[in-house]
Amino acid sequence: MSKSLKAICAVAATTLLLGISAANAGKYNLGRKALPEEIKAWNTDVRPDGQGLPKGQGKVSDGETIYNEQCAACHGDFGEGKDRWPVLVGGKDTLKSDDPVKTIGSYWPYTSTIFDYVRRSMPFGNAQSLSANETYALTAYLLYMNEIIDDEKFVLSDKNFTSVRLPNEKNFTKDVRPDTPTQAQQKPCMKNCKTEVKITGRARVLDVTPDAKKE
Amino acid sequence: MTNKIKPGQSESAASRRTFLKGGLAAGGAIVAGATAARSATPDKAITEPHEWAQTLGEGVDARPYGTPSEFEKHVVRRNVSWLTATPESSVNFTPLHELDGIITPNGLCFERHHAGIAVVDPAKHRLMINGLVDKPLVFTMDDLKRFPRVNKVFFLECAANSGMEWRGAQLNGCQFTHGMVHNVMYTGVPLKYLLEEAGIKSSAKWLMPEGADASGMTRSVPLFKALDDCLVAFAMNGEALRPEQGYPLRLVVPGWEGNMWVKWLRRIEVGDQPWHAREETSKYTDLMENGKARRFTWEMDCKSVITNPSPQAPLKHTQGQTVITGVAWSGRGTIKRVDVTIDGGKNWHTARLDGPSLDKSLHRFYFDFNWDGKPLLMQSRAIDSTGYVQPTKNELRKARGTNSIYHNNGIQTWHVRENGAVENVEIS
């Protein structure tokens with residue numbers, strides 16, 4: 001089939017599907033209506049615009065207490081990350097370096113991601129155990145440790161949440177691939193493409209392959 | 001192993017195992033078998049009786065769920081333990097060099113978990129659809145199995161596959177450099193059927209699938225993709241999903257990065273904006289040299305790798321008829337062509353594609369040639385149905401720098417020595 005014909009067929013198929021969906025919503029009559037209590041139990045996600053934030057509040061200093069009890073064992077007293085556990089603080093001005101350190105302060109675009117993620121995934125091994133107020137307090141403390149907030153008495157709540165922005169928000173761009181030459185731009189060479197070939201790097205130099213010695 | 005080995009058998013099994021180990025050792029390329037083939041003395045493998053030719057083997061009750069031959073024990077997923085703090089938040093790798101054809105056996109599909117393998121009771125598993133819908137719905141597994149279902153083969157590649165190779169050749173083995181990919185036939189319900197059942201509001205543009213595990217994995221998926229080809233799958237390669245692949249239910253997002261294929265799928269929220277979850281901000285964003293980061297880089301670009309020979313699978317002969325084989329795939333369509341070079345890119349030969357050519361699936365290629373016994377610099381270069389050409393690693397570095405971690409689909413080079421040993425190298 002020619003490319004353009006294929007494209008036309010694809011468009012036709014999509015239109016057809018959308019058509020069916022509008023006309024026959026619920027045609028299989030399967031599943032049952034979700035109850036409000038059920039939706040509430042699972043629907044904890046939070047968006048950058050604040051949608052999904054529960055009512056509540058938490059102080060930086062309360063966050064510090066919870067952090068020291070439930071988080072510091074892995075992430076370190078200052079968020080520096082013990083052993084190989086993730087680093088939560090620092091990395092300012094490293095994104096263009098050879099060793100970029102991506103943290104809430106240096107890299108993350110949105111405050112809401114901290115709240116959403118900590119509440120659903122942390123502490124590691126005891127997830128989904130933090131209350132809304134505890135999560136506000138921890139978020140506030142993580143912002144404080146990352147020098148986004150400088151007042152220890154700051155209280156983060158559903159009311160002021162969206163006013164706290166992260167410095168790297170503007171540095172996210174969209175996908176611009178393909179960003180290397182396509183067949184249309186550069187016909188791949190088949191014969192006599194180079195005169196000389198040199199080995200410029202070897203994996204053995206680093207020798208980090210697991211079991212390399214055993215096998 | 002569940003089977004008992006009789007006294008007479010254990011000896012031959014043990015010696016066979018040593019033999020296999022010898023064959024695997026890099027550099028130990030000329031092995032007993034190859035020599036025997038050219039020997040003037042009769043081959044004892046033929047002239048002497050084998051235990052297995054005289055005594056009874058195990059009965060049908062011995063292996064109610066079959067496992068591979070004991071001689072294939074080394075064919076396993078492997079972890080790179082220095083990569084992560086703990087195996088519950090880690091990754092292991094598909095042994096691509098031990099596989100052929102296009103389908104990955106279920107037990108060898110690489111794993112990536114963020115909070116370990118959730119053990120979910122299907123009787124207690126629910127899928128909820130809520131948000132911008134006319135009627136929020138809850139499905140049981142039994143409900144889902146009453147929808148019309150389809151069977152489709154798709155590759156799943158982690159966006160970080162080959163991520164350790166951005167700065168240069170690091171890991172010796174295609175299992176480690178390319179093993180975060182697998183290719184499976186899924187059975188499931190087109191996601192659009194479920195969304196139609198709930199009725200999508202006209203303002204809806206995004207979906208947020210959520211996992212039932214202790215990471216509560218979430219991603220933002222644009223609605224157009226969900227209506228196009230996403231599946232809610234409950235079976236892989238004909239049997240129920242494996243626990244480590246999201247049993248009893250996972251999202252299938254064909255051609256797009258593996259992290260979006262949420263496992264243990266329990267909820268899909270419909271919305272009008274993306275959520276900017278941790279896995280699409282802190283992770284799975286591609287940091288460029290200028291400090292900016294690309295987000296929502298969903299498609300897995302066209303890529304290929306020679307799986308044999310490769311560092312973990314050296315050649316066992318030193319010249320003559322030789323098979324080079326590998327896999328190629330593209331998140332944007334099918335593979336139209338794979339070229340192979342054995343002289344470091346001076347000359348290229350179009351490889352033979354064999355087996356089915358399916359959309360967003362692994363393709364198998366072969367290059368059969370007569371090896372003159374001199375060192376080889378092997379590469380493969382794939383071209384997909386959109387005309388995208390797999391780039392060199394240096395082309396990628398020029399466009400993106402070396403901090404991206406994700407989406408490294410550059411051309412891989414293997415150096416084969418005279419003795420058949422293979423090393424991961426980079427060339428000019």
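**Close-up views of a predicted model**

**View 1. A lysine over a phenylalanine ring in chain B.** In this predicted model, the charged end of B:Lys145 lies over the ring of B:Phe234, at 5.2 Å from the ring's centre. To find this spot, look for the ring of B:Phe234 and then for the charged end of the lysine.

**View 2. A lysine over a tyrosine ring in chain A.** Here the ring belongs to A:Tyr107, and the charged end of A:Lys102 sits over it. From that charged end to the centre of the ring is 5.1 Å.

**View 3. An aromatic cluster in chain B.** Which residues form this one cluster? The tryptophans are B:Trp206, B:Trp256 and B:Trp298, and they are joined by B:Phe224 and B:Phe296. Over all its chains, the structure holds 20 aromatic pairs.

**View 4. Two stacked tyrosines in chain A.** A:Tyr141 and A:Tyr144 form an aromatic pair, with ring centres 6.4 Å apart and 20° between the planes. This pair counts as stacked because its planes are under 30 degrees apart. Both tyrosines belong to helix H6 of chain A, which covers residues 132-145. They are 3 residues apart in that helix, so about one helical turn separates them. Is A:Tyr141 buried or exposed? With a relative accessibility of 6%, A:Tyr141 counts as buried. Its partner A:Tyr144 has a relative accessible area of 27%, so A:Tyr144 is partly exposed.

**View 5. Helices H5 and H6 of chain A packing together.** The helix that holds the two tyrosines, H6(A), packs with H5(A), which spans residues 111-121. Their axes are 9 Å apart and make an angle of about 130°. That angle is why H5(A) is described as oblique to H6(A). What is the handedness of the crossing of H5(A) and H6(A)? Their crossing is right-handed. On the H5(A) side, the residues that meet the other helix are A:Thr111, A:Ile114, A:Phe115, A:Val118 and A:Arg119. Among the residues they meet in H6(A) are A:Ala132, A:Tyr136, A:Leu138 and A:Leu142.

**View 6. Chain A as the setting for these helices.** How many helices and strands does chain A have? There are 6 helices and 5 strands in this chain. Following the sequence, you meet them in the pattern α-β-α-β-α-α-α-α-β-β-β. Chain A has 215 residues, of which 37% are buried. Among the contacts in chain A with a separation of 6 or more, 57% link residues that are 24 or more positions apart.

Key:
Residues are numbered from 1 along each chain as its sequence is written. Chains are lettered from A and ligands numbered from 1 in the order in which they are written. This is a predicted model: local features need pLDDT of at least 70, side-chain atom pairs count only at pLDDT 80 or more; totals for chains, interfaces and linings use all residues. Side-chain values use heavy atoms; hydrogens and water are left out. Rings of Phe, Tyr and Trp (its six-membered ring) pair if their centres lie within 6.5 Å; planes under 30 degrees apart count as stacked, over 60 as edge-to-face and the rest as tilted. Helices (H or I, at least four residues) and strands (E, at least two) are DSSP runs, numbered from the N terminus. Buried means under 20% relative accessible area, exposed over 50%, partly exposed in between (1.4 Å probe, protein chains only). A charge sits over a ring if NZ of Lys or CZ of Arg is within 6 Å of the ring centre and within 35 degrees of the ring normal. Axes are lines fitted to C-alpha atoms, for helices over the stretch in contact, and angles run from 0 to 180 degrees between N-to-C directions. Angles under 35 degrees count as roughly parallel, over 145 as roughly antiparallel, 65 to 115 as roughly perpendicular and the rest as oblique. A crossing is left-handed if the near helix is turned anticlockwise from the far one by less than a right angle, and right-handed if clockwise. Contact means heavy atoms within 4.5 Å.
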